[in-house]
Amino acid sequence: MVRPERRTRGDLVAVAVIVVAALIGSGVLWFNSDARATISETAAEPLPKPPVPTSVPGALHEIWRAPSAATPVPVIASPAVVTGNGNEVLGHDPLTGRVAWRYARDIPLCTIGTEWDRAVAVFAKSRNCSEVTSLRGPTGERGPQRNTDAEFGTRLLGDGTYLTATGRRSFESWRSDLVRTQQFGIPPQLKNPDNNIERPDCTYSSIAVGHERAAAIENCPGETGRVTTIKTHPEDDEKPEEVFSVSLGSRDASVVAVTDERVAVVMRDDPQLVLFDNTGRVVATHPVRTGPLASDDNVRVESTAIGRRIYWHTGADTIALDPKTLDPLWTVPDTLGAGTSLANRLVMPVQGGMAVLDPVTGVRERVIPVDRGDHTGPVRLNSVGPVVLEQRGDTLVALR
């Protein structure tokens, strides 16, 4: 018979020390972990979808507002209206403004975008905007998350399939599970890059996306602007796949819109809209009137809205572009933004009100007065159900 091993007092003390050390260690890890630093308050019940409007109302009045410095445009993760300020993301009932869910970190919020009916929030750590979390619109429940190389001032641009994070030194695209599908350029913090791009010394001053493609204005040594189009999901995700790249001869150019056949670029130093085909050949040029633009922290993102047409705010006017050829179809002068759809009509911000237009012809039917107080800058629009959302600087305003 084997006698049980005797435990001495020293053994017991050693075990106690190990247990206490383990508890302290796990406590320290928890104290410093992202989990402790995260607040996730989901909705008790999913937000209901708002009613579908049958007509544009005769009047629009403010029904609620919220600070939202992290949303350059109104963000909808259906059916929630999503705002971001400081270090928290809020999901609102569009009809009342009631906060239905909340997500917060102990680090600053960089920006919020939307794709796949989810809000995608990017938070900043010391070197860049690296912490990405997706949140389901109806409840605020967390979806896929990732770490990224996004720069401070990044914007998130959706093309209907992929989401692209902008940057001056690099930009990248993600699919719905937030797996990266492409990265173009060299992130500033990457010390020893595996250089797969032909022009490593270029920076990017404007980016637009569409039809699973991204187009950027490159600023390269010895050149006066270059437009480059790539696929947001190349065959080899380690190697960018260019569609075309050509010099522009413009020091103040921006990408307006991208399709699977054409790219539209505005050259503001000689105001014209230039259309390129997939070989980089210029197929058309159109004179346009431009105006002062709100500055972006990172790269310029032109103010556009997509409906039956692509509606582009030039800084002075709003131009409807053919969704296939990108040729201008009609122009509404003296506008404050690109517009949004409401009850089969296009509503567009103008001084002192909201113009109601036929989305096909651009014929102005009437103007609804809107009191914007002392706000005089650009207005970015979106809509959900019967509610029209206006992004006025760092404030989101809901109208009905």
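Biologist: Does Arg199 count as buried or exposed?
Modeller: This is a predicted model, in which local features need pLDDT of at least 70 and side-chain atom pairs count only at pLDDT 80 or more, while totals for chains, interfaces and linings use all residues. Residues are numbered from 1 along each chain as its sequence is written, and side-chain values use heavy atoms, with hydrogens and water left out. Buried means under 20% relative accessible area, exposed over 50%, and partly exposed in between, with a 1.4 Å probe and protein chains only. Arg199 has a relative accessibility of 15%, so Arg199 counts as buried.

Biologist: With which residue does Glu198 form a salt bridge?
Modeller: A salt bridge is a side-chain nitrogen of Lys or Arg within 4 Å of a carboxyl oxygen of Asp or Glu. Glu198 counts as exposed because its relative accessibility is 66%. The closest N and O atoms are 3.7 Å apart, and the partner of Glu198 is Arg199.

Biologist: How far apart in sequence are the parts that Arg300 and Asp252 tie together?
Modeller: The side chains of Arg300 and Asp252 meet in a salt bridge, 3.2 Å from N to O. Arg300 lies in the loop between strand S22 (282-287) and strand S23 (303-306), and Asp252 in the loop between strand S18 (242-247) and strand S19 (253-258), so the parts tied together are apart in sequence by 48 residues.

Biologist: Which residue forms a salt bridge with Arg289?
Modeller: Arg289 sits in the loop between S22 and S23, and its partner in the loop between strand S24 (310-313) and strand S25 (318-321), 28 residues apart. Arg289 is partly exposed, with a relative accessible area of 43%, whereas the partner, at 6% relative accessibility, counts as buried. The closest N and O atoms are 2.5 Å apart, and the residue that pairs with Arg289 is Asp317.

Biologist: How many salt bridges does a search of the whole structure find?
Modeller: Some of them share partners, and one network joins Glu198, Arg199, Glu218 and Glu242. The number of salt bridges found in the whole structure is 22.

Biologist: How many strands are there in the protein chain?
Modeller: Helices (H or I, at least four residues) and strands (E, at least two) are DSSP runs, numbered from the N terminus. Beside one helix, the number of strands in the protein chain is 33.

Biologist: How many residues does the largest nonpolar core have?
Modeller: A nonpolar core is a set of buried Ala, Val, Leu, Ile, Met, Phe, Trp, Tyr and Cys residues joined through side-chain atoms within 4.5 Å. Strands S3 (75-77), S4 (80-85), S6 (99-105), S7 and S8 (118-123) each supply at least two residues of the largest core. Those with the most contacts inside this core include Val82, Trp101, Ile112 and Phe123, and its number of residues is 18.

Biologist: What is the volume of the largest pocket?
Modeller: On a 1 Å grid over the protein atoms alone, a pocket is an open set of points where a 1.4 Å probe fits, with protein on both sides within 12 Å along at least five of seven lines, and lining residues have an atom within 4 Å of a point. Grid points are joined across faces, edges and corners, and a volume is the space filled by probe spheres set on the points. For the largest pocket this gives about 1,300 Å³.

Biologist: Which strand gives the largest share of the lining of the largest pocket?
Modeller: The lining has 48 residues, and among the closest to the pocket centre are Gly158, Thr304 and Asn382. The largest share of the lining is five residues (109-115 being the range of the strand), and they come from strand S7.

Biologist: How far apart in space are Ile368 and His61, C-alpha to C-alpha?
Modeller: Ile368 lies in strand S30 (residues 364-369) and is buried, with a relative accessible area of 0%. Contact means heavy atoms within 4.5 Å, and, not counting residues up to four places away in sequence, Ile368 touches residues including Val56, Leu60, Gly352 and Met354. Ile368 and His61 are 307 residues apart in sequence, and their C-alpha distance is 9.9 Å.

Biologist: Where is Ser247 found?
Modeller: Ser247 is partly exposed, with a relative accessible area of 46%. Not counting residues up to four places away in sequence, Ser247 touches Glu223, Gly225 and Arg226. The place of Ser247 is strand S18.
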